[in-house]
Amino acid sequence: MNSGVEWIREGNAFVLMSEKDGWRHAYVVSRDGEELSLLTPGASEIIERGRVDEERGFFYYFASPDNATQRYLYRARLDGSGAPERVTPADQGGTHRYEFSPDARWAFHTYSTFDTPPVTELVELPEHRVVRTLEDNDALRVRADSWITEPTEFLQLDIGGGVVMDAWMIKPRDFDPSLKYPVFVYQYSEPHAQDVLDLWGRGHAHFHRVVADLGYLVLCMDSRGTPAPKGAAWRRAVFGSLGPLSTEEQAAGLQEFGRTRPYADLSRVGIWGWSGGGSNTLNAMFRKPEVYQLGIAVAPKPQPHLYNAWFQEIYMRTVEENPDGYRRSAPINYAEGLEGDLLIIHGTGETNTHLEITEGLVDRLIELGKPFDYMAYPNRDHGLREGEGTPVHMRMLMLRYLLTHLPPGPR
Amino acid sequence: MHRCAFLRLVAPAALVGALLAPSAPASAQDNQLTLERIFDSAEFAPDFAGPARWLVDGSGYSTVEISRTVRGLDLVKYDPASGAREVLVPAERLIPSGTTAPLILEDYEWSEDGTKLLVYTNSQRVWRVNSRGDYWVLDLASGRLRQIGAQHPESSLMFAKFSPQGDRVAYVSENDLYVEHIADGRTTALTTGGTPTLIRGNFDWAYEEEFGIRDGFRWSPDGAHVAYWESDASEVKDFLLINNTDSLYPELTHIPYPKVGETLSAVRVGVISADGGETVWARVPGDSRNNYIARMEWAPNSRELVVQHLNRPQNRNDLLLVQAATGATSVLYTDTDDAWVDVVDDFLWLDDGARFTWVSEKDGWRHVYVVDRADGSERLVTPWQFDIVSISLIDAEGGWLYYIASPDNPTQRYLFRSRLDGSGDPERLSPESASGWNDYQMAHDGTWAFQTHSAFGVPRTVNLVALPDHRAVRSMADNAELTATTASLDRGEQEFFRVDIGDGVELDGWLMKPPGFDPNLSYPLLFYVYGEPWNQTVMDNWGGANYLWHLYLTQQGYLVASIDNRGTPAPRGREWRKSVHGDIGTLASADQAAANRIIREWDFVDEDRIAIWGWSGGGSMTLNMMFRYPELYRTGMSVAPVPDQLLYDAIYQERYSGTLEEHADGYLSGSPIHHVDGLSGDLLIVHGTGDDNVHYQGTERLVNEMVARNKYFTMMAYPNRSHGIFEGEGTSLHLRNLLTRYLMEHVPVGARPMS
């Protein structure tokens, strides 16, 4: 979404985004390749491009300089003069999306927070004047108020070395800070997505509220390598081998969480994730058996060399160039470490993360004599949505597994 | 639907294994079993004898023994009476020129004149057994050792056989037939153009599985012709197996596999000159795609053949006489049954072809008849009220019929004989001391036999016995170490019993109790079930690894029991076996439930802790019990089941469930997938994704059905494993660990005070 260029000045120049100075910034470059201006200077960065309004001389973009879990509309002057300014009203928190009219005079503005359902309104730019509310989600808001008994807490976990991870935590109903609760970690930890976002529905929020109310603290942390607007170095820290660093940082974040929150019972910890998060669940179970008692890996990728070249080679180069990176990245090479209860879920009709990637791990665990649990949903694709009953069945399977192997409730 | 097909690998594999691997170190002699001892060690691997062959000239028998001088096998001849041993072919003589290692004798055949030996070696697995390999001929006089069909790919030859004159060998390679002259290697391709779907001298998957035939050609007695089967499977839809794991991109295996109601292979039989030429096809009546030619033999002259020709519902078996020269056919004899007929393996010509033997259940028992070829008149020669399980020998010269039966106890097997003319009384030859399960490989004149005996939890022994007095002459395989180890294991009472479920039906069962059993406490109980027409589970024989696993579970504190329902192939008469026809699964599960209701009332059974498990048909039965009788079982473990009978092969399923046209209701009522709503207990389903027999497809459809109905269960899909789920390092142990762990989690062990 941030690749490619936008032509301006009748084709004599274009707007380009680059991370070459350590931050994702926008530049105006002439047709013959001369860099004319840096539109977004400073130690903060663009989350995503917005729209070019050449008539009024603005470049719209999304950023959140002070909080990597949120997102606001900003604009900079196309001629490079002046400082960028925030367009989203200062009193509105959370995550904001805009769908612009072709001339950028109008936009559908949708915003939400983790605990507040989205509102969509028509606004006039650049004043951000609300013309009309298109969807206020009042009914959902009323329902949500009844489920959301404990506000989701956003926190920062300092794991040393200058690394401060964003996180959120959902507490159970009737939370009592004088007791100790089991912790269920949800994470993704790969370069494709952030899960610690102040956004309605993010990170399987509704499912996790159910989990929390059963008697768990649900914790989600974004470690380095996730695409947070925290600078190129943050995102590229995992270059060459996805998995090893995030596994260390997730475990370190969990320790910091436990140290600062005495109500977290770190002797009862489960972890789960989907896709890349499934891979990192395997990494956690195999490499940190002393940390996690239970893991649920959904559609994981325990053998990165079997994944598609485009994704894997961007982050890890080719197997020929970087065999050691692939070796260290692959959970299958650490399977002998498994001690806890592991459930692997995969769709056999995966077009994305092929079943073969998991079947090889199944063979390896059998060979090692490791007990584990396995559910292969016939013909389901990477989202495990197809077929009557599938989404509910899968969540119920996870809940039953969690309740059986990591009993809920405070002690 | 053959449970645990892997047990049917050629027996010599064990001997070959013993030869190639150092003997396993004896593990600690402990009276407690572990899963590792049973499934990850050779501690309980039995010794085998042979393969031994009775020599046609009556001079004794030949067998193979491990060479004392080289890494190989000697072929040895024994005189049964004296035990005199003569090395016929030392392993050194089986070293091909230019090499240093002897051929490993996996099987062998003597030429009729005894001057040549056909050696089978370097075999590879085809579906179930190692039926393709290399063949060599050893000329005993000259010592010349020559490979047959060396121009074909390695390990591609099948079913090679000497001509009756011993001058040629015929064989199949890649679905074409060849004849090779032993003297000069001159070879004639009798057929050309064979493909995976145009099959000569061999069979498609379903024929092999369900009619138990592999070798698809027969030399004529005069050696002038070869009769053979040809199967055209090109119209049979392929089932695909997907191997995801052995390469970067999946490998597909295509298997023509006729499912219920689907197009069958077009099968015909013909006769061709052993020098090649045109085939004369038998003009078998009816649509060749909707009938079966299940057996074929020469008649016993070289002019005529007989074939067993079954209609698609398999309730009619026409014995056809085929004129080899013209292909003209006529019906010699017909057997019918309202349910199904079985093919007759104990077909033998008597009196120079004037009469033949036949086996039929038409009077309510599996009985032997002698039929007059000329007028079709027949004489019942076993007129007693019991089943003939199988015929061991027809001694036409002496006028005796030797057979296995067990009139008083369907869980046992003994050798009997009676007069071939039906006169007199049957005489049991197996002595009282042979209580249990007996199998006999008899010499051609009936004076000697290899007797294999085992009993419940007692390993197999093989003895050479003199008949008819059944005097034990010599031990062929005493399995002394295994017997001693097994006997030392801590075990509780093991007993056979019967339960009366009403309406005059009594079911056989066995029960294994935990060591230290206290009748004043109550225990969890695991049922082991099969319940389909292919096999019994209530058998007084060595149960192998399953027995040992059950014994292990009793050591943990479980009761283990098994019941044979109606429809299992017990020697209890036709009605017992065939009352399930047209609705496989319903009556069988009702019988199992009835037995459960009686057994759960036994004081020492904890009725809240009852589980059931089974494999293949037993996996299907486990599903049926969990779905139909949820109040009777807390936990079920179903391995490689057939949740929907429509998905199994036509030959097996239509034989027992009837054709779809006539018995569509039975498929609905019998198949577990239509009863999913009943599930309330804990269910584990295990399947190999490479199951060529009971396709993983069925379990996947069941999973979809349970997902749609919001039913929860646990599953394990073993990648690429076949029906026996044994391939791949660690698999057998992993599977048993899984089953054991699941059982212990869901039906906790431990004796409890009676409630």
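**View 1. The low-confidence N-terminal stretches of chain B in the predicted model.** Across residues 2-14 of chain B, pLDDT (the predictor's confidence in each residue, from 0 to 100) stays under 50, and the model has 32 contacts beyond four places in sequence for these residues, two residues being in contact if their C-beta atoms, placed from the backbone, lie within 7 Å. Residues 20-28 of chain B also stay under 50, with six such contacts beyond four places in sequence. Chain B nevertheless averages a pLDDT of 93, and 96% of the residues score at least 70.

Because this is a predicted model, local features need pLDDT of at least 70 and side-chain atom pairs count only at pLDDT 80 or more, while totals for chains, interfaces and linings use all residues. Residues are numbered from 1 along each chain as its sequence is written, and chains are lettered from A and ligands numbered from 1 in the order in which they are written.

**View 2. Helix H12 of chain B.** H12(B), residues 731-746, has 16 residues and spans 22 Å from its first C-alpha to its last, close to the 22 Å expected at 1.5 Å a residue (1.5 Å times one less than the number of residues). Its buried residues (20 or more other C-beta atoms within 10 Å of their own, C-beta atoms being placed from the backbone) include His734(B), Leu735(B), Leu738(B), Leu739(B) and Tyr742(B).

**View 3. The contact between chains A and B.** The contact takes 25 residues from chain A and 25 residues from chain B. On the side of chain A that touches chain B, helix H8 (355-367), strand S20 (373-377) and helix H9 (390-405) each give two or more residues (helices, H or I of at least four residues, and strands, E of at least two, are DSSP runs numbered from the N terminus), and H8(A) supplies the largest share, eight residues. The predictor gives the complex an ipTM of 0.89 and a pTM of 0.92.

Terms used: A residue is buried if 20 or more other C-beta atoms lie within 10 Å of its own, exposed if 12 or fewer, and partly exposed in between; C-beta atoms are placed from the backbone.
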